[in-house]
Amino acid sequence: RDLSDNTNVMEESYVFEVRRSESDLYIDEVIPRVGEVINAGVEPVSATFKLRTSGGANKGEARCNWEGNGYSDNFRYELPNGSNIHEYHVTSLAQGNYVINFMCEDQAGNMAANSTSFKINIDKSGPKIVRIYFDGGLKVVTNEDADCRYSFLRNFKYDNATKMGSDGRNHFAGFLPKTYYVQCADDLGNKGARIRVKPYPS
């Protein structure tokens, strides 16, 4: 066949760059970690998925996506070929157990996969006071780390009450021969029952 009159003659040259992978693509780190429990006070819950990739065609630079529990989406990128750090903020998670699968691909077509499983727990109950006694002052012990406050007024506002000293679960205040009203809250803002404590002379 005579190609001399072919009108599709390439008149400009093109340079094609072929990248060789020095290693496979890996997902080295996944957050939330397997078995992690995320505690929250209300639904929906916000969480951050985070991956770190390495290897592949360009030092871990890749594009990733995730799916699981009926959710799926792509990570967002500032760099055209992706990044080796991948973060995605999820704002609509409910209480329960999650299994999330991650898939990444670099520009040479190397692929990597990893997954995580974690639990979201909604804590709506406040700390319980499990022990109260006087020993050089008022001592209160709670069943979880808490912020405890007291007042000598029955109908006090928690935010205006006096904060007790604390090391987490053990709380203390100076002694006065008055009736104390004590209430504790956890780090999610859940408040426990208000307790009336009246010292008796020994």
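Is E87 buried, exposed or partly exposed? In this predicted model, E87 is partly exposed, with a relative accessible area of 36%, and the residue serves here as an entry point to the strands and salt bridges around it.

## Salt bridges between strands

The structure holds 7 salt bridges. One of them joins K50 to E87, with the closest N and O atoms 3.8 Å apart, and this pair links distant parts of the chain, since K50 lies in strand 3 and E87 in strand 6, 37 residues apart. K50, like its partner, falls in the intermediate class of exposure: K50 is partly exposed at a relative accessible area of 29%, and E87 is partly exposed at 36%.

A further salt bridge brings together the side chains of E29 and R52, at 3.5 Å from N to O; E29 belongs to strand 1 and R52 to strand 3, so that the pair, 23 residues apart, links distant parts of the chain. E29 is partly exposed, with a relative accessible area of 24%, and R52 is partly exposed as well, with a value of 35%. Both residues also take part in a network of salt bridges in which D28, E29, R33 and R52 are linked.

## Strand pairing around strand 3

The strands that carry these charged pairs are themselves paired. Strand 1 and strand 3 run antiparallel and are joined over 6 bridges, and within this pairing L25 has G55 in strand 3 as its bridge partner. Strand 3 is also joined to strand 6, in the antiparallel sense, by 7 bridges, where F49 is matched with Y88 in strand 6.

## The nonpolar cores

The largest nonpolar core contains 24 residues, of which F49, L51, W66, F75, F102 and I120 touch the most other members. Strands 1, 2, 3, 4, 6, 7 and 8 each supply at least two residues of this core. A second, separate core comprises 11 residues, including A146, Y150, A173 and Y180. In soluble globular proteins, nonpolar side chains tend to be buried together.

When neighbours within four places in sequence are set aside, W66 is in contact with F49, Y71, S72, D73, F75, Y88, V90, I100, N101 and F102. Among these contacts are F49 and Y88, the two residues that are bridge partners between strand 3 and strand 6.

## The open sheet and the pair R149 and D147

Four strands form an open sheet in the order 12-11-15-16, with antiparallel pairing. Strand 12 (162–163) and strand 16 (195–197) stand at the edges, each with a single partner strand, and therefore one side of each is left without a neighbour in the sheet. Strand 11 (residues 147–151) and strand 15 (residues 180–185) are joined by 5 bridges and run antiparallel, and R149 stands opposite Q183 in strand 15.

R149 also forms a salt bridge with D147, the closest N and O atoms being 2.9 Å apart. Both R149 and D147 are buried, whereas K50 and E87 are partly exposed.

## The surroundings of T142

T142 lies in strand 10 (residues 138–142), and it is buried because its relative accessible area is 2%, where buried means under 20%. The side chain of T142 reaches the backbone oxygen of E144 at 2.8 Å. Apart from neighbours within four places in sequence, T142 is in contact with P127, K128, I129, V130, C148, G168, R169, H171 and C184.

Conventions:
Residues numbered from 1 in each chain as written. Predicted model: local features only at pLDDT ≥ 70, side-chain atom pairs only at ≥ 80, totals over all residues. Heavy atoms only, no water. Core = buried A, V, L, I, M, F, W, Y, C linked by side-chain atoms within 4.5 Å. Buried < 20%, exposed > 50% of the residue type's maximum accessible area, 1.4 Å probe, protein only. Contact = heavy atoms within 4.5 Å. Pairing = 2+ DSSP bridges. Polar contact = N/O pair within 3.5 Å; in protein donor to acceptor, adjacent residues only side chain to side chain. Salt bridge = Lys/Arg side-chain N within 4 Å of Asp/Glu carboxyl O.
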